[in-house]
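Thank you all for making time this morning. Before I begin, please bring the structure up on your own screens, so that you can follow each part as I come to it.

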Amino acid sequence: SPPQTPELQAGGRGWGSGGGGRSVAEPPRRRETEELGAAEVLLQPGRLELGDVEEDQVVAVFVVTFDPRSGNMVEWCLPQDIDLEGVEFKSMASGSHKIQSDFIYFRKGPFFGLACFANMPVESELERGARMKSVGILSPSYTLLYRYMHFLENQVRHQLETPGHYSHLAAFYEDKKGVLHAGPGRGGSLPPVYWLPSIHRYMYPEMKITHPAGCMSQFIKFFGEQILILWKFALLRKRILIFSPPPVGVVCYRVYCCCCLANVSLPGIGGTIPESKPFFYVNVADIESLEVEVSYVACTTEKIFEEKRELYDVYVDNQNVKTHHDHLQPLLKINSADREKYRRLNEQRQMLLYSQELEEDYNPCEEDLFVLFFLEQNNRIFQTLLEVSASQDKTLTAEHARGMGLDPQGDRSFLTDLLEAYGIDVMLVIDNPCCP
C-alpha cells in the first residue's frame, strides 16, 4: 500500500463518523465501512423526515482501465445500458500514471461518483510495464459515497491482480442497487440531484455524517488567512476552480469544504441566488457543461483550464488564489477584519483542543467548530442586511459593517457585490477613503 499524503494522515474520523466522541487517529481513506447507527441521522431538507436514514442508492458500478493503445476505457459495468460516457476520464485523473493510488469524487449528469484508482507495475511489454485501473460507483447523492471507499479500494486491487473477475462487483450491485422512485410529475425521469443541502435547523446531524474527518481543519491549515478570501468568493457564489496535480482525492475534499463556507441558515436568504454546487473533479470533457454554469466549485489536474478564463471567476493554484476580473481584485486583499476573524477562529480552536484534553466525554469536534464559525458569521451578515433593508432609511453605515465583522473600507466592494448578488435593497453610505 502506497504511503498516504500528509493531509490524509492527519485526518481523524472517516466521512461516515457521527456523534461527537473522541476522534480515532486513522486516515479517512483506510477506515472500515460501517453502517449508520439509529442515532446517526442523515437529513436532506424537503426529502427526509427526522428519524429517517437515507437508503443506499447505487445506480451503477464500473471498472475503467488504461489501455496503452486505446487510452482510458470502461471495461465492465452494471447495469449494461447506463450512459457512462466520459466516466473513463473522470475516474482516472490526468497525470494519475505518476502515482500509485488515488480516489476521486465527480459528477456525471444527475449523479455523483466515487472511484478508487490504483497503478501496479507488471512485467508485460504489452502493458508497457504498468497496469492502471479504477473501480467506481454512481449515486444520486454524494453524502453516502464514503461508505464504499474501503470496498472500492479492495476491488481495484483485486482487478489489478486478477483482471476480468467481476463476480464481487456484480454481487455488490445486486445488493446495493437503488430503486429510483419517480416522484409526482416526474414521469419516471431522472432522480433529484442532492447538492450540499441548505443548512437549516437539522444541519447538525446532517453535517456530522457527510463531513470528512480532518477535512475542514486541514483545509484551513492549508490556506491559512487565504480562507477568508475563498469564503467571500463562495458566499458570492462565484465559479471557483482549484488546480492541483494528482493525487486529487484530498483536493475533492477542498471543493466540499469551500462549499461549506457559504452556509446560511436564515429563512429567505439565497432564494434568488444559485446553490453552491460541488462539482468535484472536472476535466476537458466537462468544458461544455461548465460553460453554462453560473456558480460552482470544482477541482482539476489539467493545467489547460487556466487559459480558459471564460469558464471560471476564481482560479486557485496550490495556495495562490487569483481572479482575472478587475472588479473582483479588491477581494484578494486580506484586511484587518479578515485577520481578526482568522485570529478568533484559531483562538476558538485552541480552546476546543484544551477542553478536549480536560473532558473525556462528548465535546464538539474541530469540524463542527469550523462549520459553525462560518455559519454564524454568514448569519450575522445577512441578519444585519435584512434588518437594514426593512428599516425606514435602508442605510448601511460603517458601524453596521463593523457589527457584521467586516472592514468598512476593505470590504466595501465585497458588500456591494453581496447586495447585488442576493438582491438586498440597501443603500451603502460608506465613503471611499480620501487617501491611501
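Let me start with a term that we will need straight away: a nonpolar core is a set of buried Ala, Val, Leu, Ile, Met, Phe, Trp, Tyr and Cys residues joined through side-chain atoms within 4.5 Å. Buried, in turn, means a relative accessible area under 20%. Please also keep in mind that this is a predicted model.

With that in place, we can look at the chain as a whole, which has 13 helices and 12 strands, and in which buried residues make up 56% of the 436 residues. If we take the contacts with a separation of 6 or more, 67% of them are between residues 24 or more positions apart.

Now to the interior. The largest nonpolar core has 113 residues, and those with the most contacts inside it are Tyr105, Phe219, Phe382 and Leu385. Helix α8, residues 249-260, gives the largest share of this core, namely 10 residues, and the core draws at least three residues from each of domain 1 (60-176) and domain 2 (210-332). In soluble globular proteins, nonpolar side chains tend to be buried together.

What is Phe219 in contact with, once we leave aside its neighbours within four places in sequence? The answer is Ile227, Leu230, Arg254, Cys257, Cys258 and Leu261. There is also a second, separate core of 12 residues, which includes Ile287, Leu290, Tyr296 and Tyr312.

Staying with helix α8 for a moment, we find Cys259 there, and this cysteine counts as buried because its relative accessible area is 1%. Cys259 and Ile240 are 19 residues apart in sequence, while their C-alpha atoms are 9.9 Å apart in space.

Next, please turn to helix α4, residues 167-176, whose buried residues are Leu169, Phe172, Tyr173 and Lys176. Why do these lie on the same side of α4? They cover an arc of only 100° around the axis, and that is what puts them on the same side of the helix. On the other side of α4, by contrast, Ser167 and Asp175 are exposed. What covers the buried residues of α4 includes the strands β1 (60-67), β2 (71-78) and β5 (130-139), together with α3 (149-161).

Of these elements, I would like to follow β1 a little further. Because 7 of the 8 residues of β1 are buried, this strand is largely enclosed by the rest of the structure. β1 and β2 run antiparallel and are joined by 7 bridges, and they form a hairpin with 3 residues between them; within this pairing, Phe62 stands opposite Cys77 in β2. β1 also runs antiparallel to β5, with 6 bridges joining the two, and here the bridge partner of Thr65 is Lys133 in β5.

Finally, a word on confidence, which should guide how we read all of this. The chain averages a pLDDT of 79, and 74% of the residues score at least 70. Over residues 1-53, however, the pLDDT is below 50, although this stretch has 133 contacts in the model beyond near neighbours in sequence. The pLDDT also stays under 50 over residues 180-211, for which the model has 93 contacts beyond four places in sequence. Where pLDDT is low, the predicted coordinates should not be read in detail.

Technical notes
Residues numbered from 1 in each chain as written. Predicted model: local features only at pLDDT ≥ 70, side-chain atom pairs only at ≥ 80, totals over all residues. Heavy atoms only, no water. Buried < 20%, exposed > 50% of the residue type's maximum accessible area, 1.4 Å probe, protein only. Helix = DSSP H or I, 4+ residues; strand = E, 2+ residues; numbered from the N terminus. Domains from an automatic or database assignment. Contact = heavy atoms within 4.5 Å. Arc of directions from axis to C-beta. Pairing = 2+ DSSP bridges. pLDDT = per-residue confidence, 0-100.
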